[in-house]
Amino acid sequence: MNVFPPRRPTIRDVAARAAVSIGTVSRVAGGSARVAEATRARVLAAMAETGYQPNAAARTMRTSRTRTIGFLIPDMANPVFSRVATGAEPVLSAAGYMLFAVSSNRSPARELAFLEAAQQRQMDGLIVTLADEMHGPVVERLGRIGVPLVILDRDVPVAADVVYSDHARPIETLVKQMAAQGHRRIALITASERIRPGRARAEAFRKALAEAGLAVEERLVRSRAQTAEYGAAEAHDLLTGPRPPTALIAGGNEIFQGALRAIRLLGLSVPRDLSLAGADDRMLAELVDPPITVIDRDMAEVGATAARMLLERLDGLDAPPRRVLLGSSVVLHGSIGRPKGKR
């Protein structure tokens, strides 16, 4: 019995099976246009039949491309970013690119390390979400990365395409609905205003309150982080402090999880004791009782849009940086009612 593994097929095996030269096989593997379609089809069939896989390093030397895309995210555990990857990966894969995701764990030092590694490994393009869009060294390094770049939902002063989400309209819709129910003390917990989502939601919240004729109490606007622990701590502080809000918007999926934890710990009932709206976790919103009104974004479409924009740059598109704004919606459930004493 032969105990040795089968021999790995070589370019010579493919050439012999397809009855072409080694050079022709090499051109087909490298994506050259200088091959007749019938010959290309015969070579590709021979590759499939023999199980031949072109050497990636050799192909890189010939084409100056590694067929790799880097995806930098703040938190690998956050499902929002996994949904973005789910949208981007099939678009890139269909074009022959592999997506490599790296989490910075919200550390600028790790972001800098990733950008250095991406350049050293000659990645062909990057999709990036920064943990802090105002961190000077990271922004400066990003500006000289030297490959096509798509930034997700950040305002960064570099030459890059950007995919934005609409954060303002859903917040304005929720404030309007809560005010219409008679709420006069509405609170918002959202991400840091050093990144666009937190800043846009906080700005829209203040604007919507003013348009509803309500005073803007800065104590009711919490915008420093976006973890579940932060959401729980801020919700607990708001709801146990003097003159607690009667309605709360948890602006972020992890913040939403933390706020629900604090509400349960305090034994409060939604919407009897507190009207509540969440964000970016429609599944969680539908699993609790009663289901929670929630801001919903199609994060897979965010990823797919970013991937398509990046591929257009890799295909040679020469145009000024593009800005795409994708819509968000409010999914209404029964978690917003009239405040106590006004029923």
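Which residue lies over the face of Tyr-97? That would be Arg-67, sitting 4.2 Å from the ring centre. Keep in mind as you look around that this is a predicted model. If you go hunting for aromatic pairs next, you'll come back empty-handed, as the structure holds zero of them.

Now step back to the overall layout. The protein chain splits into three domains: domain 1 covers 11-63, domain 2 is built from 68-165 plus 299-326, and domain 3 takes up 167-297. Measure between C-alpha centres and you'll find domain 1 and domain 2 separated by 32 Å.

Let's start with the helices at the beginning of domain 1. Helix α1 spans 11-18 and α2 spans 22-29, and in the loop between them you'll find Ala-19. Have a look at its backbone: Ala-19 isn't a glycine, yet its phi is positive, at about 60°. That's worth a second glance, because most residues other than glycine have a negative phi.

On either side of that loop, α1 and α2 pack with their axes 9 Å apart, at an angle of about 105°. The two helices are therefore roughly perpendicular to each other. To see who touches whom, pick out Ile-11, Arg-12, Val-14 and Ala-15 on the α1 side, which meet Ile-22, Val-25 and Ser-26 of α2.

Helix α1 has another partner, α3 (residues 37-50): here the axes are 9 Å apart and the packing angle is about 125°. That angle makes α1 oblique to α3. The crossing of these two is right-handed. From α1, the contact uses Val-14, Arg-17 and Ala-18, while α3 brings Arg-42, Val-43, Ala-46, Met-47, Glu-49 and Thr-50. Notice Val-14, then: this residue of α1 takes part in the contact with α2 and also in the one with α3.

Next, move along to helix α5 (residues 79-94) and helix α13 (residues 299-314). Their axes come within 6 Å and cross at roughly 40°. So α5 is oblique to α13, and the crossing is right-handed. On the α5 side, the contact is made by Val-80, Arg-83, Val-84, Gly-87, Ala-88, Val-91 and Leu-92. Facing them from α13 are Met-299, Ala-300, Val-302, Gly-303, Ala-304, Ala-307, Arg-308 and Leu-311. Check the numbering against the domain bounds and it fits: domain 2 takes in both 68-165 and 299-326.

Finally, a couple of peptide bonds deserve a look. Most peptide bonds are trans. Going from Val-270 to Pro-271, though, the bond is cis, with omega near 0°. You'll find Pro-271 in the loop that runs between α11 (253-265) and β9 (275-279). Further along, the bond from Asp-289 to Pro-290 is cis as well, again with omega near 0°. Pro-290 is in a loop too, between α12 (282-287) and β10 (293-296).

Key: Residues numbered from 1 in each chain as written. Predicted model: local features only at pLDDT ≥ 70, side-chain atom pairs only at ≥ 80, totals over all residues. Heavy atoms only, no water. Phe/Tyr/Trp six-rings, centres within 6.5 Å; stacked < 30°, edge-to-face > 60°. Lys NZ or Arg CZ within 6 Å of the ring centre and 35° of its normal. Domains from an automatic or database assignment. Axes fitted to C-alpha atoms, helices over the stretch in contact; angles between N-to-C directions. Helix = DSSP H or I, 4+ residues; strand = E, 2+ residues; numbered from the N terminus. Parallel < 35°, antiparallel > 145°, perpendicular 65-115°, else oblique. Left-handed = near helix turned anticlockwise from the far one by under 90°. Contact = heavy atoms within 4.5 Å.
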